[in-house]
Amino acid sequence: MAANTTEARIHALVGERSAALRRKDAKSVVACQAADYVLYSLAPPLRTEEAGTEGLEAWFATWRGPIGYEIHDLGIAAGGDVAFCHGFARMTGTKTDGESVELWFRVTLGLRRAADGWTIVHEHESVPFYMDGSLRAAVDLKP
């Protein structure tokens, strides 16, 4: 398979997942993930291994209305049956407590090709922190 075809399929999968997050469609988000999916999220704990929709549904319930979610500057490297992507995610919206959110963060995805196509096996989200001794997350940064 040509690299550009592989990259196009991976780009489409990442796009489908982003659209599902915007719709708050947990079932469609999970459909993009492998059964052994592992998440290193912005929120605790350090590692999450959740194949179901329960955690996503609970998180979606903390948002009033739709969630803005976009991936920017997506880089894709693929070879054989494995690939990884990296870029910047922008999340916007309003929490149920009225807090307005606009957050940029880094995202890396590890993917594996199976007989039925590409799936996400690992996701890592992060924000840098200020190295001034405060240990504050640098959530005010934008690419």
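Two strands count as paired here if DSSP finds at least two bridges between them. By that criterion β1 is paired with strand β5, residues 117-126, since four bridges join these two strands, which run parallel. The legends below describe close-up views of a predicted model.

**View A. The protein chain as a whole combines three helices with five strands.** Read from the N terminus on, the elements of this predicted model follow one another as α-α-β-α-β-β-β-β. The radius of gyration of the protein chain is 16 Å, close to the 15 Å that the globule rule gives for 143 residues, and the chain is therefore as compact as a globular protein of that length. Along its principal axes, the C-alpha trace spans about 45 × 35 × 25 Å. Of the 143 residues in the protein chain, 34% are buried, while the accessible surface comes to about 8300 Å², with 57% of it belonging to carbon and sulfur atoms. Among contacts with a sequence separation of 6 or more, 51% are made by residues 24 or more positions apart.

**View B. Five strands make up an open sheet with mixed pairing.** The order of the strands across this sheet is β1-β5-β4-β3-β2. Its edges are formed by β1, residues 33-40, and by β2, residues 63-79, each of which pairs on one side only. From one strand to the next, the twist averages 25 degrees. Strands of a sheet pair through backbone hydrogen bonds, and they may do so in a parallel or an antiparallel way. Where β1 meets β5, the two strands run parallel and are joined by four bridges; looking along this pairing, one finds that the bridge partner of V38 is H122 in β5.

**View C. A salt bridge between D36 and R112 links two strands.** The structure holds eight salt bridges, and in the one shown here the closest N and O atoms of D36 and R112 are 2.8 Å apart. D36 lies in strand β1 and R112 in strand β4, residues 100-114, so the pair ties together parts that are 76 residues apart in sequence. D36 is partly exposed, its relative accessible area being 43%, and R112 also counts as partly exposed, at 34% relative accessibility. Side chains of opposite charge can pair when their charged atoms come close.

**View D. R90 and E70 meet through their side chains in a salt bridge.** The distance from N to O in this pair is 3.6 Å. Because R90 lies in strand β3, residues 82-95, and E70 in strand β2, the salt bridge ties together parts that are 20 residues apart in sequence. Both residues are partly exposed, R90 with a relative accessible area of 23% and E70 with one of 32%. Salt bridges that share partners extend the picture, joining E70, R90 and E102 into one network.

**View E. R47 and E49 form a salt bridge between their side chains.** In this pair the distance from N to O is 2.7 Å. R47 is partly exposed, with a relative accessible area of 43%, whereas E49, at 57%, is exposed.

**View F. R17 is a buried residue of helix α1.** This helix covers residues 3-23. The relative accessibility of R17 is 6%, and because buried means under 20%, R17 counts as buried. Leaving aside residues up to four places away in sequence, R17 touches V29, C32, Q33, Y37, Y69, I120 and E123. One of these partners, V29, is twelve residues from R17 in sequence, and the C-alpha atoms of the two are 5.3 Å apart in space.

**View G. The backbone shows a cis peptide bond from P44 to P45 and positive phi values at K24 and L135.** Most residues other than glycine have a negative phi, and most peptide bonds are trans. The omega angle of the cis bond from P44 to P45 is near 5 degrees, and P45 lies in the loop between β1 and α3, the latter covering residues 54-60. Phi of K24 is near 60 degrees; this residue sits in the loop between α1 and α2, residues 26-31, and is partly exposed, with a relative accessible area of 24%. For L135 phi is likewise near 60 degrees, and this residue, found in the segment after β5, is exposed, with a relative accessible area of 62%.

Notes
Residues numbered from 1 in each chain as written. Predicted model: local features only at pLDDT ≥ 70, side-chain atom pairs only at ≥ 80, totals over all residues. Heavy atoms only, no water. Axes fitted to C-alpha atoms, helices over the stretch in contact; angles between N-to-C directions. Rg over C-alpha atoms; globule rule 2.2 N^0.38 Å. Buried < 20%, exposed > 50% of the residue type's maximum accessible area, 1.4 Å probe, protein only. Contact = heavy atoms within 4.5 Å. Areas by Shrake-Rupley, 256 points an atom, 1.4 Å probe, with all protein chains shown as cover. Salt bridge = Lys/Arg side-chain N within 4 Å of Asp/Glu carboxyl O.
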